[in-house]
Amino acid sequence: MAIDHGVRPSADSVSDTGSESARTRPRRGRLAAGIAVGVVVVAIGLPVVAVAIRAAWVDGSIDGEAIGRILSEPRTWRLIAVTVGQAVVSAVITVVIGVPVAWALSRFRFPGRRPLRTLVVVPFVLPSVVVGAAFATVLGPSGPVDLRGTWFAVLAAHLCFNIAVVVRVVGAAVGGLDPGTEDAARTLGCSTLTAARRVVLPAIRPAVMSAAVVVFLFCLASFGVIVILGGGSVTTVEVEIWVRATRQFDLSGAAVLAVIQVVTVVAALALHSHFARRSPVVSGARRVPQRPPRGGFEWSAVAFASVVVLAVAGVPLAALVERSLRVPGGHGLEHWTNLGSVTAGTGLSISPLHAVLTSIATATTAAVIAVVVAVPAASAVARRPGGRADRVLLLPLGVSATTIGLGLLLLVGRPPIDLRGSWWLVPLGQALVAMPLVVRVVAPALASIPKSVPEAASLLGASPRDRWWRVDLPLARPAIGAGAGLALVACLGEFGATAFLTRSDRVTVPVAIERLMSRPGSAGFGQAMALSCILVLLCAGIVALIDHLAADDGFHLGF
Amino acid sequence: MRSRDSRPRRNGVRNPSAWLVGGLVVLALCGGVAACGDDGSSGGGADATEVRLVTYSSFALPEKAAEQFEKETGAKIRVIASDDSGAMLTKALLSAGSPEGDVIFGIDNTSATQAMSEDLLEPYLGPQTDSLPAGVALGGEAGNHLSPIDRGDVCINVDQSWFSSQSIAPPTTLADLTDPRYRDLLVVESPVTSSPGLAFLIGTVARYGDGWMDYWQKLKDNGVSVRQSWDDAYSTDYTVSGGDRPLVVSYASSPPAEVVFSEGKRTEPASTVMTDSCVSQVEYAGVLTGTDRPKLARKLVDFMQGPEWQAEIPLTNFVFPVVADTPLPEEFQKWAVRAEAPLDIDAETIGSQRDAWIESWRSIME
């Protein structure tokens with residue numbers, strides 16, 4: 001119990017204050033929050049239900065044909081084993097490399113620390129197709145070694161993508177620890193390595209396990225990376241759902257696989273919440289590291305972290321830029337200048353620039369929808385971390401983007417509700433995918449707002465409306481701003497759901513990149529790289545802005 | 001950096017995040033305006049002066065014929081292409097009733113029955129269809145909805161120059177392809193995504209009957225490479241295009257293309273055709289249900305069976321026109337091969353067994 005106290009001091013005080021404010025908070029507020037949670041669950045649950053129904057119900061009658069066909073094929077089980085296996089391996093690799101990097105970046109203060117911490121997050125918020133495209137240039141036919149179509153390339157891309165989760169989550173845990181304990185161990189004669197191993201590691205173990213499970217979840221549902229870098233035998237359940245639905249027109253088979261995917265992910269989520277209960281959602285005031293590294297070991301740890309971040313995040317991005325400038329006969333701006341027009345034979349019927357405008361329009365709409373629905377739900381989670389709302393809202397994370405896309409198509413893709421031609425379908429799908437992420441980012445930020453200030457306002461006589469408008473909202477604005485920014489970035493890069501819902505004349509940038517990249521030799525490839533660079537600039541710019549605005553050491557991924 | 005302590009700096013932080021939120025609202029408004037503008041022009045309905053042709057990405061639009069069409073009707077042809085014919089058909093089926101285009105081209109005899117589900121097409125036939133022989137025009141329900149436009153035989157192309165440079169005798173029959181002498185030399189397309197790939201698969205079923213799965217297992221053991229589309233296989237992996245595989249599933253009319261596209265460097269094709277492997281394939285066009293310009297769509301289908309379009313087909317898409325007495329260009333007359341006894345399976349059997357064959361293929365090959 002003492003250890004729990006030490007690990008979760010604020011959690012106790014939050015729950016105490018939480019129950020107090022729960023009594024004093026007007027019922028209207030609790031009702032609104034409850035409705036918000038309900039809306040999120042229903043919004044994401046409906047497509048899942050549509051998929052589950054389609055798996056067993058075709059044309060008005062129960063038809064178990066697809067279930068029997070898919071489940072009896074040995075290929076299906078091979079696919080499930082491979083999907084889970086690659087997720088496990090990816091998680092292990094990311095954690096093994098990420099934990100030392102997280103420790104070095106959170107423990108010591110050195111020049112370039114903040115840019116490195118921002119750089120490590122950039123691939124995470126990039127669209128998966130861009131990361132896939134970047135690795136396709138580095139590890140593809142035009143790079144030093146051609147590893148496309150192998151698992152090695154996919155695992156490398158997963159590392160690049162997910163190391164941010166480990167660095168931020170474990171880094172926050174490291175930052176929340178009292179450095180005094182570690183220093184005390186060192187005064188008692190431990191070397192830095194031993195102190196790290198025996199003091200820090202046990203204390204951050206729940207955070208490490210939690211991060212590992214999150215990385216496992218993301219890799220389980222990994223879609224864009226495998227579509228770009230895989231091919232033939234390198235495929236997972238997620239990609240198979242897409243291929244069946246959009247290439248074989250086997251909607252029932254795709255639905256069965258989607259149900260299997262949801263079941264697998266929910267099981268993994270149950271594992272996660274077991275570990276999350278032991279690890280702090282908010283670990284108190286995160287301290288900015290105060291001391292520079294001293295001694296050989298600490299400096300080599302910092303060097304290792306820097307090299308890893310630069311190699312894993314920096315090199316692929318640099319390769320993107322280089323490849324976008326490569327034209328037959330050297331380098332030039334041809335691909336960039338061609339973005340404004342339709343190039344024949346690239347597989348796109350509209351100009352890439354048009355795709356950029358479409359992306360911005362759909363992403364902002366989707367982000368607005370996601371924020372409006374998810375922020376009230378996040379405040380319900382923030383009120384009681386680890387409570388019922390928290391656990392319920394973890395479930396939507398388990399619904400993969402392709403399941404949402406397929407479900408939405410099944411739900412509103414037939415008369416009487418036929419939204420297929422409607423512009424709103426893609427923003428709706430993107431909003432559904434972004435909602436869980438917004439909740440997860442905004443909730444801890446809201447939870448870390450000191451409750452004393454709003455309560456003091458109430459005590460001094462502010463009416464509930466005044467208090468909400470003049471105290472609660474301004475205090476919450478940075479958190480909401482961060483959530484909105486992240487939603488925008490997630491929607492800009494959303495690929496899994498959009499791949500089902502898009503139409504040829506309203507293509508978003510990730511879909512355009514995938515189309516352009518499907519033909520390696522042509523000018524389309526260079527244009528795909530140029531588009532990827534534009535996306536990187538947009539996403540990285542937004543993330544850097546949010547990170548800079550966060551009141552303490554960067555925004556916190558609340559997993 | 002020193003001044004950044006843990007006190008919440010509301011004044012400093014509030015204004016920038018307000019800008020962020022404000023900027024988002026402005027962007028959202030712009031997005032809404034752009035969306036409204038979008039719906040008006042290329043989103044929901046198309047321009048009054050264009051007709052949209054849904055097809056696969058390696059389709060080459062016959063330019064002169066398209067100009068003639070524009071002169072006659074005043075409408076431009078806009079091509080809306082998908083990566084491959086499998087994707088094209090599935091996308092069309094998923095959006096049946098609310099189509100992305102007006103006319104669809106690229107459905108072939110192997111996927112014709114699938115195209116009949118979901119009320120995809122209007123029952124309209126081009127005027128030349130009646131005069132076409134029974135093997136070309138379809139029977140049954142599909143026969144009322146799909147107008148034949150071109151035909152080709154899907155055959156294995158053999159790079160003779162590569163084989164002679166290696167002093168190996170090239171394979172001549174399907175069975176030869178499983179011979180270890182020809183290990184790692186064949187590239188085929190996936191029947192899931194590519195129509196020549198599906199045609200080749202059906203050819204092996206026609207040849208080997210129930211033993212077709214063993215044949216593919218042997219092909220796999222012999223190092224066959226599978227690509228998603230014809231373009232990937234022919235334009236990237238085939239040795240004539242600079243790749244490393246001298247045997248590719250392509251068309252009997254591909255050899256003339258080598259001469260035409262060689263810009264004078266070739267006077268003779270480097271490839272020959274393995275006639276033992278040829279499977280007949282006919283491609284069709286149809287009017288999509290739910291199009292908002294059905295008259296224009298029907299005019300396009302008629303035009304595609306007309307003399308201008310048919311005459312340009314050989315040198316743009318490298319297949320044969322269906323209409324008899326269409327003049328063939330010289331390269332075609334010299335080097336294009338018409339298989340005498342192509343492998344064939346009737347459309348009904350294909351329709352009922354196709355999905356099962358594809359599933360079995362996938363469980364062997366993937």
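What share of the contacts in chain B between residues at least 6 apart in sequence join residues at least 24 apart? The share is 75%. The legends below refer to a predicted model.

**Figure 1. Chain B and its helices and strands.** Chain B has 13 helices along with nine strands. Its 366 residues are 56% buried. Of its contacts between residues at least 6 apart in sequence, 75% join residues at least 24 apart.

**Figure 2. Trp309(B) in the largest nonpolar core.** This core holds 264 residues. Leu406(A), Trp216(B) and Trp309(B) touch the most other members. The view centres on Trp309(B). Leaving aside neighbours within four places in sequence, Trp309(B) contacts Phe59(B), Leu61(B), Pro62(B) and Ala65(B), among others. Its partners also include Ile77(B) and Ile149(B). Leu300(B), Phe303(B) and Met304(B) are in contact with Trp309(B) too.

**Figure 3. The disulfide between Cys155(B) and Cys278(B).** A disulfide is a covalent bond between the sulfur atoms of two cysteines. Over all chains, the count is one. The sulfur atoms of Cys155(B) and Cys278(B) lie 1.9 Å apart. The torsion about their S-S bond is about 115 degrees, so the disulfide is right-handed. The link joins distant parts of the chain. Cys155(B) sits in strand S4 (residues 147-159) of chain B, and Cys278(B) in strand S8 (residues 271-287) of chain B. The two are 123 residues apart. Both cysteines are buried.

**Figure 4. Cys160(A) and Cys219(A), two cysteines without a bond between them.** Cys160(A) is in no disulfide. Its nearest cysteine sulfur belongs to Cys219(A), 11 Å away. Seen from the other side, the closest cysteine sulfur to that of Cys219(A) is in Cys160(A), at 11 Å, which is too far for a bond. A disulfide needs the two sulfur atoms within 2.5 Å. Cys160(A) has a relative accessible area of 3% and is buried. Cys219(A) is buried as well, at 0%.

**Figure 5. The largest cavity, lined by helices of chain A.** Rolling a probe the size of a water molecule over the atoms shows where empty space is left. The whole structure has 13 cavities of 30 Å³ or more. The largest holds about 880 Å³ of space. Its lining comprises 42 residues. Nearest the centre of this cavity are Phe161(A), Phe218(A), Ala221(A), Ala401(A) and Val433(A). Elements giving two or more residues to the lining include helix H6 (113-125), helix H8 (151-176), helix H10 (192-220) and helix H19 (425-447) of chain A. H19(A) gives the most, with five residues. The lining divides into 30 nonpolar, 10 polar and two charged residues.

**Figure 6. The second largest cavity, with residues of chains A and B in its lining.** The volume is about 330 Å³. There are 22 lining residues. Closest to the centre are Thr246(A), Ala499(A), Thr502(A), Arg515(A) and Lys91(B). Chain A contributes two or more residues from each of helix H12 (237-246), helix H22 (498-501) and helix H23 (509-517). Helix H3 (85-94) of chain B does likewise. The lining has 10 nonpolar, four polar and eight charged residues.

**Figure 7. Helix H7 (residues 128-138) of chain A.** Of the 11 residues in H7(A), 11 are buried, so this helix is largely enclosed by the rest of the structure. Among them are Ser128(A), Gly132(A), Phe135(A) and Thr137(A). The cover over the buried residues includes H6, H8, H11, helix H14 (295-324), H23 and helix H24 (523-549) of chain A.

**Figure 8. Pro127(A) and Leu139(A), in the loops beside H7(A).** Pro127(A) lies in the loop between H6 and H7 of chain A. At 2% relative accessibility, Pro127(A) counts as buried. Not counting residues up to four places away in sequence, Pro127(A) touches Phe161(A), Gly493(A), Leu535(A) and Cys539(A). Pro47(A) is 80 residues from Pro127(A) along the chain, and their C-alpha atoms are separated by 22 Å. Leu139(A) lies in the loop between H7 and H8 of chain A. Leu139(A) is also buried, with 11% relative accessibility. Leu139(A) and Ala156(A) are 17 residues apart in sequence, with 9.6 Å from C-alpha to C-alpha.

Note on methods: Residues numbered from 1 in each chain as written. Chains lettered and ligands numbered in written order. Predicted model: local features only at pLDDT ≥ 70, side-chain atom pairs only at ≥ 80, totals over all residues. Heavy atoms only, no water. Core = buried A, V, L, I, M, F, W, Y, C linked by side-chain atoms within 4.5 Å. Buried < 20%, exposed > 50% of the residue type's maximum accessible area, 1.4 Å probe, protein only. Contact = heavy atoms within 4.5 Å. 1 Å grid on protein atoms, 1.4 Å probe; cavity = no way out; pocket = protein on both sides within 12 Å on 5 of 7 lines; lining within 4 Å. Points joined across faces, edges and corners; volume = space filled by probe spheres on them. Helix = DSSP H or I, 4+ residues; strand = E, 2+ residues; numbered from the N terminus. Nonpolar A, V, L, I, M, F, W, Y, C, P; charged D, E, K, R; others polar.
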